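Hi there,

Here is the structure I promised to pass on to you. Have a look at it first, and then read on for my notes on what turned up.

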Amino acid sequence: MAVDKTATRQMMTITFLCILWYVVSSSNNVIGKMILSEFPYPMTVTMVQLTSITVYSGPFFNLWGVRKYVDISWRYYFKFIVPLALGKFMASVTSHISIWKVPVSYAHTVKATMPLFTVILSRIILRERQTKAVYLSLVPIIVGVGIATLTELSFDMVGLISALLATMGFSLQNIFSKKVLKETGVHHLRLLHILGRLALFMFLPVWIYFDLFSVMKHPAITTGDYRVIALLFTDGVLNWLQNILAFSVLSIVTPLTYAVASASKRIFVIAISLFILGNPVTWVNIFGMLVAIMGVLCYNRAKYFSRHQQPKETILPYTNNNIKYQTLEDTTLLNGKNGFVSNGMANGGTASYFQNGGPPAHHASGANNSSSSSGTNSNLLLSNSNGVHLTTVNGSPNKLLFV
């Protein structure tokens, strides 16, 4: 009964977080489009979001008890953290440019190509190979995005290129963020804070050069239009919350569940943007969007199964396919002595063990011992004519014998 209550409580928590994540993300995209329609400065919107991450994360994470980040060497910092921060603000800027130039629904449809970029970049950078199912799942993504592009009534080339660049940037962030989290042990929310703060300082000179003076002359600033200022503030808060919710969902569900939830969120964002913003679409355009999203779901499923099948295929690696196995008859070899088994078959000897580095001692005694010295002992677990090697069991060396 207690187990059922725990599972139900966890399911309700996940459902609540996902719904909240969808609502916050949709609101963030809709408000972002509204801001950029009246206040066409995507760099300034990015600056507000990076400032929100930097200002809010420190005190709130300390209040929530998020552990401090571990020490990172300067060499590692400049090799991975700095490029990640650079990619973060570049991906954010290009994402806002795409939302500014094209409808939110189309921008998110183009972002559905992220699996394609992930596969290509992982192959180039990490030398990872994928299964045929993973490669085939990319086909409906490409086809769906192509249909949506050809039938998009508000098509803009700058918006398309910006969405593609943003998607590539987010793919690079996903690849290297996982690497940093694994190698440094830093908490994922602390990594978000580090990247946001560093990206803010790196982006500040660029923003001052390109946007600051133009923004200061904009009527919304000179006349004190509190509506635009309030929307900018709200957009920054929602973007920060969206990051927190995404990481929270990721921390309590499996990668497949998170990937499916993320794809479902994209559908939710597209639907809400079409309903609230009312950008013109055709049924063929909607069909292309759905095909692309279904391709993402297929990719997530294929990727999940490829990850779970790979360890099973590499448990017992070998180079010779003609292995003849022989059953272990005397189990005391595994737990009777604190030594290891050696095989003298290749030299016509007997199977014996070495104890604490000492000389070999035959395990059998009496008549059995004499018979063992004249032929092949049956105390081998796995053997063939090519010789025998040693492996480990439960982290203890020299327990099992196999080719």
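A search of the whole structure, which is a predicted model, turns up 2 salt bridges.

One of them pairs R227 with E38, and their closest N and O atoms are 2.5 Å apart. This pair ties together distant parts of the chain: R227 belongs to helix α10 (residues 226–252) and E38 to helix α1 (residues 2–38), with the two positions 189 residues apart. Are the two partners buried or exposed? R227 falls in between, being partly exposed with a relative accessible area of 42%, and E38 is likewise partly exposed, at 37%.

The other salt bridge joins K179 to E183, with 2.8 Å between the closest N and O atoms. Here both partners sit in helix α7, and because they are 4 residues apart, about one helical turn separates K179 from E183. K179 is partly exposed, with a relative accessible area of 27%; E183 is partly exposed too, with a value of 44%.

Staying with helix α7, which covers residues 157–184, you may also like to look at its surface. F155, M157, I161, L165 and M168 make up a nonpolar surface patch, and together they offer about 430 Å² of accessible area. M168, one of the patch residues, is located in α7. Its relative accessible area is 31%, so M168 counts as partly exposed, and it passes the cut-off of over 30% that patch residues need.

Next, a residue from another helix. Y76 is found in helix α3 (residues 74–101). With a relative accessible area of 16%, Y76 is buried, since the limit for that label is under 20%. Which residue have I paired with Y76 here? The partner is V180: the two are 104 residues apart along the chain, yet their C-alpha atoms are separated by 9.3 Å.

Finally, a helix pair. How do α2 and α8 cross? The axes of helix α2 (residues 42–64) and helix α8 (residues 188–217) come within 7 Å, and the crossing angle is roughly 150°. The crossing of α2 and α8 is left-handed. As for what lines this contact of α2 with α8, its residues comprise 14 nonpolar, 9 polar and 3 charged ones.

Do write back with any thoughts once you have had a chance to look.

Best wishes

Definitions and conventions:
Residues are numbered from 1 along each chain as its sequence is written. This is a predicted model: local features need pLDDT of at least 70, side-chain atom pairs count only at pLDDT 80 or more; totals for chains, interfaces and linings use all residues. Side-chain values use heavy atoms; hydrogens and water are left out. Patches are made of residues with over 30% relative accessible area and no salt bridge: like charges are joined within 9 Å, nonpolar side chains (Val, Leu, Ile, Met, Phe, Trp, Tyr) within 5 Å. Accessible areas come from the Shrake-Rupley method with a 1.4 Å probe; for residues, only the protein chains shown count as cover. A salt bridge is a side-chain nitrogen of Lys or Arg within 4 Å of a carboxyl oxygen of Asp or Glu. Buried means under 20% relative accessible area, exposed over 50%, partly exposed in between (1.4 Å probe, protein chains only). Axes are lines fitted to C-alpha atoms, for helices over the stretch in contact, and angles run from 0 to 180 degrees between N-to-C directions. A crossing is left-handed if the near helix is turned anticlockwise from the far one by less than a right angle, and right-handed if clockwise. Ala, Val, Leu, Ile, Met, Phe, Trp, Tyr, Cys and Pro count as nonpolar, Asp, Glu, Lys and Arg as charged, and the others, Gly among them, as polar.
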